[in-house]
Amino acid sequence: MNEVVFLTVAEVASVMRVSKMTVYRLVHSGHLPSIRVGRSFRVPEQAVHEYLRESYLGVEIGGERQNDGP
């Protein structure tokens with residue numbers, strides 16, 4: 001059985017090398033799945049890696065991600 005590792009917003013920001021506000025925007029927009037623990041959010045570590053991989057592949061192919069608006 002695989003154990004799910006959850007990261008705090010600060011940890012996600014560090015991994016992605018962005019601000020915590022950017023992580024909050026991704027969580028609130030639904031681009032990053034999360035759970036609430038009290039008043040805090042936790043993001044599955046695997047979801048962070050998947051988001052980065054999908055974003056990278058979208059750029060590598062030369063187009064914007066399908067979900068992104070103008």
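I took two strands as paired if DSSP finds at least two bridges between them. The model is a predicted one, and I went through it element by element.

**Entry 1: the sheet.** I looked up the strand order first. Three strands form an open sheet, ordered β1-β3-β2, and the pairing is antiparallel. I noted β1 (6–8) and β2 (35–37) as the edge strands, since each of them pairs on one side only. From one strand to the next the twist averages 40°.

**Entry 2: β1 against β3.** I counted three bridges between β1 and β3, in the antiparallel sense. I then asked which residue of β3 is the bridge partner of threonine 8. The partner is arginine 42.

**Entry 3: β2 against β3.** This pairing is also listed as antiparallel, over three bridges. Here I found valine 37 opposite serine 40 of β3. The two strands make a hairpin with two residues between them. In the turn, I read a positive phi of about 65° for glycine 38.

**Entry 4: helix α1.** I checked how α1 sits on the sheet. It lies across β1 and β3 and runs at about 90° to β1. For burial in α1, I have Val9, Val12, Ala13 and Met16. Seen down the helix axis, these buried residues fall within an arc of 100°, so they line one face of α1. Just after this helix, arginine 17 takes a positive phi of about 60°.

**Entry 5: the nonpolar core.** I looked up the largest nonpolar core and found 14 residues in it. Those with the most contacts inside this core are Val12, Met16, Val23, Val27, Leu32, Val43 and Val48. I then asked which elements each supply at least two residues of this core. They are α1 (9–16), α2 (20–29), β3 (40–44) and α3 (45–61). The most comes from α1, which gives four residues. As background, nonpolar side chains tend to be buried together in soluble globular proteins.

**Entry 6: valine 43.** I listed the contacts of this core residue, leaving out residues up to four places away in sequence. Valine 43 touches Val5, Phe6, Leu7, Val12, Val27, Leu32, Pro33, Ser34 and Val48.

**Entry 7: aromatic rings.** I searched for ring pairs and the count came to one. Tyrosine 24 and phenylalanine 41 form this pair, with 6.2 Å centre to centre and 70° between the planes. I entered the pair as edge-to-face, because planes over 60 degrees apart count as such. It links distant parts of the chain: tyrosine 24 is in helix α2 and phenylalanine 41 in strand β3, 17 residues apart.

I also asked whether phenylalanine 41 is buried or exposed. Its relative accessible area is 10%, and the cut-off for buried is under 20%, so phenylalanine 41 is buried. Tyrosine 24, at 31%, is partly exposed.

**Entry 8: tyrosine 51.** I placed tyrosine 51 in helix α3. With a relative accessibility of 14%, this tyrosine counts as buried. I then looked up its separation from histidine 31, which is 20 residues apart from it along the chain. The C-alpha atoms of tyrosine 51 and histidine 31 are separated by 7.8 Å.

Terms used:
Residues numbered from 1 in each chain as written. Predicted model: local features only at pLDDT ≥ 70, side-chain atom pairs only at ≥ 80, totals over all residues. Heavy atoms only, no water. Core = buried A, V, L, I, M, F, W, Y, C linked by side-chain atoms within 4.5 Å. Buried < 20%, exposed > 50% of the residue type's maximum accessible area, 1.4 Å probe, protein only. Contact = heavy atoms within 4.5 Å. Axes fitted to C-alpha atoms, helices over the stretch in contact; angles between N-to-C directions. Arc of directions from axis to C-beta. Phe/Tyr/Trp six-rings, centres within 6.5 Å; stacked < 30°, edge-to-face > 60°.
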